[in-house]
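I wanted to go through this fold piece by piece before going back to the bench. These are my notes from that session.

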Amino acid sequence: MSMAVMDHVDRILTQWQRQRPDLNVAPMGTLGRLKRLNHVLMRAMEKTWAEYGLNDSSFDVLATLRREGPPYALSPSDLMASTMVTSGTMTHRLQQLEKAGLIERVKNPADGRGFLISLSDKGFALIDEAVAAHVETQKVLVSSLSEEQRSQLDALLKQLLANLS
């Protein structure tokens, strides 16, 4: 392997191969690169979200409500299931978003005792702008791959996730 094409992970693998030649450390390389990739991707997306005063969790809640379609509302339990967080975490997120005027609690027409979390007009406008910028950021982040390569990577990652879930 040429030094010019070696990355940080290759150097780590080479060290391990020298120290523990009895171990096949190739999976460490795959997972190490995925970990580093996730870090780089998250930092880039966090920059985009921050331009709209959002972070990953606030973006997640607003985007979940937006993609739900009209009336852009979900019960707190449906929102929790969709975003996969605990009720305490969700309560905190919702309080922050409500304080910022991005969501509102509305009576649940199907259950007079319950309520729904709904995008406010301000929240709708913000997430519509933010999601467009987010998609553009993601497009730039994968631009070094051809459409075919991206499709292959998607299929491989889907397979890996399915076997681990």
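My entries follow, first the ground rules, then the sheet, the helices and one residue.

**Ground rules.** I am working from a predicted model, where local features need pLDDT of at least 70, side-chain atom pairs count only at pLDDT 80 or more, and totals for chains, interfaces and linings use all residues. Residues are numbered from 1 along each chain as its sequence is written, and side-chain values use heavy atoms, with hydrogens and water left out.

**Sheet.** I took helices (H or I, at least four residues) and strands (E, at least two) as DSSP runs, numbered from the N terminus. Two strands count as paired if DSSP finds at least two bridges between them.

In what order do the three strands lie? I found an open sheet in the order β1-β3-β2, with antiparallel pairing. β1 and β2 stand at the edges with a single partner strand each, so one side of each has no neighbour in the sheet.

I then checked the pairings. Strand β1 (residues 73–74) is joined to β3 (residues 111–119) by two bridges. Ala73 sits opposite Ser118, and Leu74 has Ile117 as its bridge partner. On the other side, β2 (residues 103–108) pairs with β3 over six bridges, and a hairpin of two residues links β2 to β3. There, Glu104 stands opposite Ser118 and Arg105 is the bridge partner of Ile117.

**Helix on the sheet.** Which helix packs on the sheet? I noted α3 (residues 56–67), which touches β1, β2 and β3 (contact being heavy atoms within 4.5 Å). The direction of α3 makes about 105 degrees with that of β3; axes are lines fitted to C-alpha atoms, for helices over the stretch in contact, and angles run from 0 to 180 degrees between N-to-C directions.

I checked the length of α3 too: at 1.5 Å a residue its twelve residues should span 16 Å, and its end C-alpha atoms are 16 Å apart, which agrees. The expected span is 1.5 Å times one less than the number of residues. The buried residues of α3 (buried is under 20% relative accessible area, exposed over 50%, partly exposed in between, with a 1.4 Å probe and protein chains only) include Phe59, Val61, Leu62 and Leu65. Just after α3, Gly69 has a positive phi of about 85 degrees.

**Helix α1.** I looked at residues 8–19 next, where α1 reaches 17 Å from its first C-alpha to its last, close to the 16 Å expected. Val9, Asp10 and Leu13 are buried in α1. They cover an arc of only 100 degrees around the axis, which puts them on the same side of α1; the arc is that of the directions from the helix axis to the C-beta atoms. Part of their cover comes from α2 (26–50). The face turned away from the buried side of α1 carries the exposed Arg18 and Gln19.

**Leu97.** Is Leu97 buried or exposed? I found Leu97 in helix α5 (residues 87–99), and Leu97 is buried, with a relative accessible area of 4%. Leaving aside neighbours within four places in sequence, Leu97 is in contact with Ser58, Val61, Leu62, Leu102 and Ile103. I also noted that Leu97 and Gly123, 26 residues apart in sequence, are 8.7 Å apart in space, C-alpha to C-alpha.
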